[in-house]
Amino acid sequence: VPLPAASDPTVDLSTLPLWPGSQARVYRTFTPASLGPGSLGGTLSIEPPSPTGPARTELWMAGGSFGGLRMRAADVSDLGGARVATAVSASRSDGDFSFYDPTRKRFAPRLNGDYAQASGLASLVVPMHPGTMRATLLLQAREQGLPGSVWLATPFQRLRTDRELATVEIATPAAGGVVGAQIWGVRQGSEYRDAPSTALDSSLETTTIVSAGGSASYRRRSGKLQIASKLDARGERYEPGDYVGPFPPSGATRTAVGLGADGEWDPSRAVAVDASVRIDGWYDAAAAGSFDARPTAHAGIDARAGAVAFAAHAGYTSRPANFVERFGTPGGLLATPDLRPESAATIDAGVRFRKRFGKLRLEGELDGFGQLAQDLITFEAVGARRLPKAVNVGHAAIAGVEAELGARFWGFELRASYTGLHTENDADYLPDHPQLASRPAHDLVA
């Protein structure tokens, strides 16, 4: 089920009430066709725990500076032959740290930087003999202040967002493999309020994005070859609500259909070769002649020798802009209704090792990647408030390296990671090829 960010272009796993045993898998470049359309910046996939895994209960709480509190509670248990998983999470912060105010030339506490959020998640897995049925419900709500920038504070801007998701999926053995079907629906709402300082600002804006879809899939393993295919369709509607201001937004509707297939061949226990191909078509009812279709395909190899593993991939990725990128969010993202689809030719390669020396366990990873993108969708901070706005970059080049080193010893864990990034905006009107906005060249975390 696709979940574009509702208030900003980032993803914060701490806001999701994950079940015990869930796995968050990051696809750095290429996404399996069975997951749906990917993204040039990568895709985060959250996979639920196995229905046959052990029952367990987890509780986690943490506190920090500036009124920061976080908690997460989750339980996976059996009930009358069914597997029930529930989780809740909540967090809040005052966000009133001090910063240097360049206009008053002194340190001052940040105002209107507080937030509070709560989420709930429930899932029911029922054996069908043969097959299984899984139903999932997700509820999220968040209220936050929008403090503005160091140059222009906005002490009265408030934003409320909510998300509701429901999905039902069925998997059953058939035709020598497994046949699956899924239906889902998502609603994302927002309410923005402000005491505007100029006649060009709005004081109230509510919006809703509603999407629904379904899919049918089939996967099968025959000897050393495994194949998977998926047909999916979805529709989405962007609907402005109450508005008080000078420039009321308009609504939009889009329908899309996609067909994809994945294949993996394992010639030996140490080598795996995979390939994927997918085509997506979409139609925007708000613009005449807006039908478009784009392919996505890649091939790769994974090899292992003792404690060392190697992987390499190459291919082509494309996708349309989502409604959050096109129409923005009140008080968060600025709208760019005419965003074009982005695409890129991409290569990547990496090596990983894991080795144990008694109680000491060492692991490391080194990856490199490169992209030649067309109409790349990126975010630029614009205006005095430095709000992000999605824009297309006609031609861009991105190359980078990622390295990570970790050690575990007697329950302690040390980890360090580094990312080096070189980017170029190769648009025809920029002969000096400047760096892409909001892309740091170096990032070191330890």
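A residue is called buried under 20% relative accessible area, exposed over 50%, and partly exposed in between (1.4 Å probe, protein chains only). By that yardstick L366 is partly exposed, because its relative accessible area is 45%. L366 has its place in strand β19, residues 360–382; strands here are DSSP runs of E with at least two residues, numbered from the N terminus.

This is a predicted model, where local features need pLDDT of at least 70 and side-chain atom pairs count only at pLDDT 80 or more, while totals for chains, interfaces and linings use all residues. Residues are numbered from 1 along each chain as its sequence is written, and side-chain values use heavy atoms, leaving out hydrogens and water.

L366 also helps to make a nonpolar surface patch of about 950 Å², along with residues including W265, F310 and F353. Such a patch takes residues with over 30% relative accessible area and no salt bridge, with nonpolar side chains joined within 5 Å. A salt bridge would be a side-chain nitrogen of Lys or Arg within 4 Å of a carboxyl oxygen of Asp or Glu, and areas come from the Shrake-Rupley method with a 1.4 Å probe. At least two patch residues come from each of β13 (225–244), β17 (308–319), β18 (342–357) and β20 (387–409).

Now for a hairpin: β6 and β7 form one, with four residues between them. Strands β6 (residues 98–101) and β7 (residues 106–109) pair in the antiparallel sense over four bridges, where pairing takes at least two DSSP bridges. D101 has R106 in β7 as its bridge partner, and K105 in the turn shows a positive phi of about 55°.

Note on methods
Patches are made of residues with over 30% relative accessible area and no salt bridge: like charges are joined within 9 Å, nonpolar side chains (Val, Leu, Ile, Met, Phe, Trp, Tyr) within 5 Å.
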